[in-house]
Every structure is written in C-alpha cells, then in structure tokens.
Amino acid sequence: MARTTTLPGAWMVDAAEQLMAPWQQLRGLVIVPLLRASVLICLIMSVMILVEKVYMAVVIVAVRLVSRRRYRWEPVRDTSDDPELGGAACPIVLVQIPMYNESKVYHLSIGAVCGLSWPSDRLVIQVLDDSTDPVIKELVQQECQRWAKKGVNIKFEHRQNRRGYKAGALKEGMKHGYVRDCDFVAIFDADFQPGPDFLCRAIPFLIHNPNIALVQARWKFVNADECLMTRMQEMSLDYHFKVEQEVGSSTSAFFGFNGTAGVWRVSALNEAGGWKDRTTVEDMDLAVRASLKGWKFLYIGDLMVKNELPSTFKAFRYQQHRWSCGPANLFRKMLMDIVSNKKVALWKKIHVIYNFFLIRKICSHILTFVFYCLIIPATVLVPEVEIPKWGCVYIPTIITLLTVVATPRSIHLIFFWTLFENVMSLHRTKATFIGLLEAGRANEWVVTEKLGDNLKIKMPSKASKNMQIRKGARLHLLELGVAAYLFFCGCYDVSFGNNYCFIFLFMQSIAFFIVGVGYVGTLVAK
C-alpha cells in the first residue's frame with residue numbers, strides 16, 4: 001500500500017494561501033473597484049481644472065492684446081488750496097486698519113496710511129485695535145497720538161472683546177458717528193503699506209462709475225526673498241492676482257475681495273448687509289453678497305500695496321487653514337442663496353458656484369492631495385489599476401506650467417514649488433472638509449504672525465547659540481505619516497514595479513519629511 005508523503009514546508013505554503021485567500025477576495029471585490037472609481041473621479045476633476053486654467057490663460061492673452069480701459073477714470077480735482085472750497089471736491093474717505101497684538105508691524109501701516117495724499121479734512125483714519133496685550137495696546141495708542149499731534153485725523157478704537165474677530169472690529173468701526181459722512185472705506189491689514197498715491201488712483205474709479213462697489217489692488221511682497229518658502233508663496237499668489245483676479249475683473253464676472261488693499265463704496269457695503277462673522281473669510285462673504293446685489297468689482301493690477309508674507313511655517317499653516325476652510329464653509333452656507341438669487345444673470349451664478357467655489361476653492365485642493373499623494377502611490381501597490389499617462393503626467397504638467405508662468409523670475413523653482421504645493425495640499429484638503437462639514441475648527445481664527453524686518457533671522461551656516469528650537473513643537477506627524485507611506489510605495493515600486501514611479505514617490509516623500517521635521521521657513525530666535 002503506497003504512503004502519501006508531504007514535501008517539507010508544504011503545509012506552510014498551504015497555510016499562507018489560506019490566509020491570503022480572504023485578502024485576495026477583498027482586493028478583487030472591494031479595493032480594486034473603489035480605486036478604479038477614485039481614479040476616474042480624479043481624472044474628471046483634472047480635466048475640469050485644466051479647462052479652467054486654459055480658459056483663464058486665453059482671457060489673459062486677450063486682455064494683454066486688447067488693452068483698453070473699460071471704466072471711466074479722471075483725476076480728482078485738488079481744491080485743498082482754495083480758501084472757499086477747501087477739499088470739498090474730494091469725497092470723504094475712511095481708512096480702517098484692523099489689528100491684534102501687532103507689536104512688530106503696527107507702525108508700518110499707520111505711518112503709510114497717514115502719508116496718503118488726500119485732503120486732510122476729507123480723510124478719517126481709524127485704527128481698530130483688538131490687542132489683549134496692554135503693552136502693545138499702549139504702543140499702538142501712542143503711535144496714533146503721535147500722528148494726531150501732526151494734524152492727522154486719526155482715531156484709536158479699542159474693543160473690550162474680540163467678538164467676530166476682524167469682521168467684528170470692522171463692523172464696530174462703522175458704527176461711530178464720525179463715519180456717517182464717509183462715502184468710501186479703504187481697508188489695510190497691519191502689515192500693509194499703501195503708497196501716497198493709492199487713494200488718488202483708486203477713488204476716481206468709484207466716483208465716475210456708480211455701479212462699481214469695490215476697487216481691489218494687487219499685493220507686493222517685501223520679503224519674497226526671505227526664504228524658499230516665501231518664494232513658493234509668491235509664485236502661488238502671483239497667479240492668483242495676475243490671472244484669477246484679472247480674469248474675474250476683465251470679464252465682469254466675480255472675483256473675491258482679498259480682505260485688504262481695497263476700497264469699498266460704503267452704500268454698497270451697507271446694501272450687501274455689512275460685515276458678518278459667520279465664517280473666517282468675512283471679505284469673501286461680503287464680496288459674494290454684494291455681487292448678488294448686482295454690484296461690480298474692479299481689479300487694478302498696476303496699483304500695488306507692499307505687505308509681508310508669513311515666513312514661519314507655523315504662521316503659514318494657520319493662514320492656509322483659514323484660507324481653505326473659510327471658502328468651503330461659505331460655499332456650504334451660501335449655495336442656496338446663490339441658486340435662488342433673481343438679480344444676477346444665470347451665467348454669473350454658474351461662474352460663482354462652478355468656477356470660483358467648486359473648481360478653485362474645493363476641487364483643486366482635494367485633487368492635489370488625494371490624487372497625487374494617495375491614489376497614484378496606491379496604484380503602485382495595486383497594479384491592476386492603471387492610470388493613463390495623460391492623466392498623471394501631461395495634464396498635471398500643463399496645469400503647473402500655466403500656473404508658474406505668472407512668476408517668470410522663479411520659473412527655475414518649478415520642481416520645488418510642485419513638491420511644496422503637494423505637501424501643503426494635505427492641510428488645505430483637511431481644512432476644506434472641515435469647512436464643508438462645519439466641524440470643530442471651522443471657525444478657528446488665528447492671526448497670521450508678522451515678524452517685521454528687524455526680527456527675521458535667515459538660516460545661518462552654523463546654528464546660533466541663541467536659536468532655541470523645541471524639537472517636539474516642530475514635528476508634524478501628519479506630514480511624517482504621509483512621508484512614510486510614500487516611501488513605502490516607492491520601495492515597493494523599486495522591487496516590483498516597472499514604470500519608474502518611485503522617482504516621484506521618493507522625492508515627494510523627502511518633501512513631506514523635510515516639512516514634517518520643521519526644516520522649512522524662517523527660524524526665529526526666542
């Protein structure tokens with residue numbers, strides 16, 4: 001009678017196959033179909049964003065080729081030397097400077113605004129200080145008193161609480177009796193420094209075009225060369241101003257108020273319902289409501305106001321959370337108001353909902369992180385799912401080129417900008433979902449830290465003894481987790497793949513790791 005023999009280790013192979021069977025079944029029935037569906041959705045979003053980018057590029061080229069002024073502009077007649085008229089030919093302008101514990105830059109904005117070229121009897125400057133630090137409050141008040149002694153009509157207003165944050169301060173500022181006769185209101189954050197001719201160039205558009213509610217100026221960054229992170233910010237914001245804002249203005253569609261470096265018509269501001277603090281983007285909220293009332297906005301690209309970019313990663317991260325969470329939350333709250341509005345044309349409502357909110361404020365953030373940092377690496381682990389080259393190479397390349405071309409001097413940094421934007425998309429995506437779901441941090445407001453020129457310290461060749469760095473405070477676990485995931489996928493691709501995806505995965509992993517350990521931005525001595 002024959003005996004059945006078992007090869008050594010065969011039982012281990014059988015056991016492994018039995019254990020892997022449920023995983024293979026789950027992989028085939030759930031993971032692969034879900035991943036394929038995710039790839040399809042991301043490809044659709046990629047095409048949507050590409051179409052939007054190409055559309056804006058075409059408009060910009062047309063604007064450059066056909067440069068004509070669509071709105072009337074005539075200089076305001078200066079009658080300040082006329083003993084009878086004084087400055088009566090000029091409208092009364094209110095300038096608001098909201099600030100909170102701005103110990104480093106408060107004097108910059110106050111000094112610049114007090115130097116504006118406008119009849120002194122037609123200009124009211126309002127410093128809205130919400131400082132909780134009594135020392136800083138005293139410094140700001142003394143600065144206001146110093147300018148008041150020089151004959152400047154400047155008011156120092158301090159609230160006992162910070163209810164409504166910036167929107168609350170601006171709203172309270174409009175309640176004072178001396179504001180009632182003001183026709184226009186200009187707003188500058190604490191680090192913004194308008195040139196002397198700012199009002200002379202902006203106000204005439206509002207005077208001679210009664211349908212314009214807002215004149216928005218462009219930001220000029222005084223510290224763009226501070227570090228690599230500020231150069232990356234300049235590239236992103238240059239595209240926003242030179243392309244997105246310009247296109248919105250040139251096509252008479254919608255573009256958002258940037259919260260500063262702009263002038264509002266007071267009657268339009270009041271008609272739109274004034275300042276509201278229901279989101280962290282009170283500026284965008286006001287702009288959408290004014291647009292739904294039929295008001296038009298004008299962006300002036302050659303009118304620039306100096307300001308400071310956040311040069312520490314902590315400040316930049318908080319800023320990006322607010323800028324990503326706020327629009328998503330506002331979209332949630334205003335979608336039905338936009339749809340049901342009867343005063344504006346259908347195409348404008350579509351532009352606000354689709355182009356402005358859905359594409360630029362929601363899809364772009366989600367696609368960048370989910371597709372490039374999660375799904376593409378996942379397809380390395382699940383080779384059954386393939387992504388067409390046009391979707392993972394050609395479209396992203398075109399989108400990137402159309403974006404960075406707005407900053408020609410930094411075109412050589414395109415590779416670093418791409419990796420950095422992918423890293424930041426982690427926080428933007430998280431903030432977008434928080435805003436859409438109105439989760440815990442939806443209304444979190446952290447003032448962006450400004451360092452001023454005196455306290456910025458560039459990275460030295462040798463660590464300074466006075467530079468105290470708390471390692472625990474600089475570790476960012478989310479970035480480190482994504483870095484580990486990308487590194488694992490890269491190693492798997494090296495071992496089993498054949499499409500050289502590991503090159504991108506390793507480089508993106510390094511970018512996440514560098515940010516995760518805090519070696520980005522300017523280090524500041526304590």
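Buried residues, meaning those under 20% relative accessible area with a 1.4 Å probe and protein chains only, make up 52% of the 526 residues in this chain. What you're looking at is a predicted model, where local features need pLDDT of at least 70 and side-chain atom pairs count only at pLDDT 80 or more, while totals for chains, interfaces and linings use all residues. Residues are numbered from 1 along each chain as its sequence is written, and side-chain values use heavy atoms, with hydrogens and water left out.

The chain holds 15 helices and 7 strands; these are DSSP runs numbered from the N terminus, with helices being H or I over at least four residues and strands E over at least two. Take contacts (heavy atoms within 4.5 Å) with a separation of 6 or more, and 82% of them come from residues 24 or more positions apart.

Let's start with helix H8, residues 282–292. It is mostly covered, with 11 of its 11 residues buried. Charged names turn up in that buried list, including Glu282, Asp283, Asp285 and Arg289. The cover over H8 includes helices H4 (165–173), H7 (266–271), H9 (313–340) and H10, along with strands S6 (262–265) and S7 (296–307). After H8 comes Gly294, with a positive phi near 100°.

Now follow H4. Its buried residues are Lys166, Ala167, Gly168, Ala169, Leu170 and Gly173. They pack against H8 and against strands S1 (93–99), S2 (123–129) and S4 (184–187).

Two single residues are worth a stop. Gln216 sits in strand S5, residues 212–221. Is Gln216 buried or exposed? Its relative accessibility is 0%, so Gln216 counts as buried. The Gln216 side chain reaches the backbone nitrogen of Asn258 at 3.1 Å, which fits the definition of a polar contact: a pair of N or O atoms within 3.5 Å where, within protein, one must be able to donate a hydrogen and the other to accept it, and residues adjacent in sequence count only if both atoms are side-chain atoms. Leaving out residues up to four places away in sequence, Gln216 also touches others, among them Gln245, Phe255, Leu298 and Tyr299.

Pro204 belongs to helix H5, residues 198–208. With a relative accessible area of 0%, Pro204 is buried too. Its C-alpha atom is 9.7 Å from that of Cys90, although the two residues are 114 apart along the chain. Pro204 touches Arg72, Trp73, Glu74, Val76, Leu199 and Asn209, again not counting residues up to four places away in sequence.

Finally, two helix pairs. The axes (lines fitted to C-alpha atoms over the stretch in contact, with angles from 0 to 180 degrees between N-to-C directions) of H10 (residues 346–381) and H14 (residues 477–496) come within 9 Å and cross at roughly 35°. On the H10 side the contact includes Phe369 and Leu374, and on the H14 side it includes Tyr485 and Asp493. By class, this contact has 13 nonpolar, no polar and 1 charged residues, where Ala, Val, Leu, Ile, Met, Phe, Trp, Tyr, Cys and Pro count as nonpolar, Asp, Glu, Lys and Arg as charged, and the others, Gly among them, as polar.

For H11 (residues 389–404) and H12 (residues 414–437), the axes come within 11 Å and cross at roughly 110°. The two helices are therefore roughly perpendicular, a label for angles of 65 to 115 degrees. Here Thr400, Leu401, Thr403 and Val404 of H11 meet Ile414, Trp417 and Thr418 of H12, giving 4 nonpolar, 3 polar and no charged residues.

Technical notes
Angles under 35 degrees count as roughly parallel, over 145 as roughly antiparallel, 65 to 115 as roughly perpendicular and the rest as oblique. Buried means under 20% relative accessible area, exposed over 50%, partly exposed in between (1.4 Å probe, protein chains only).
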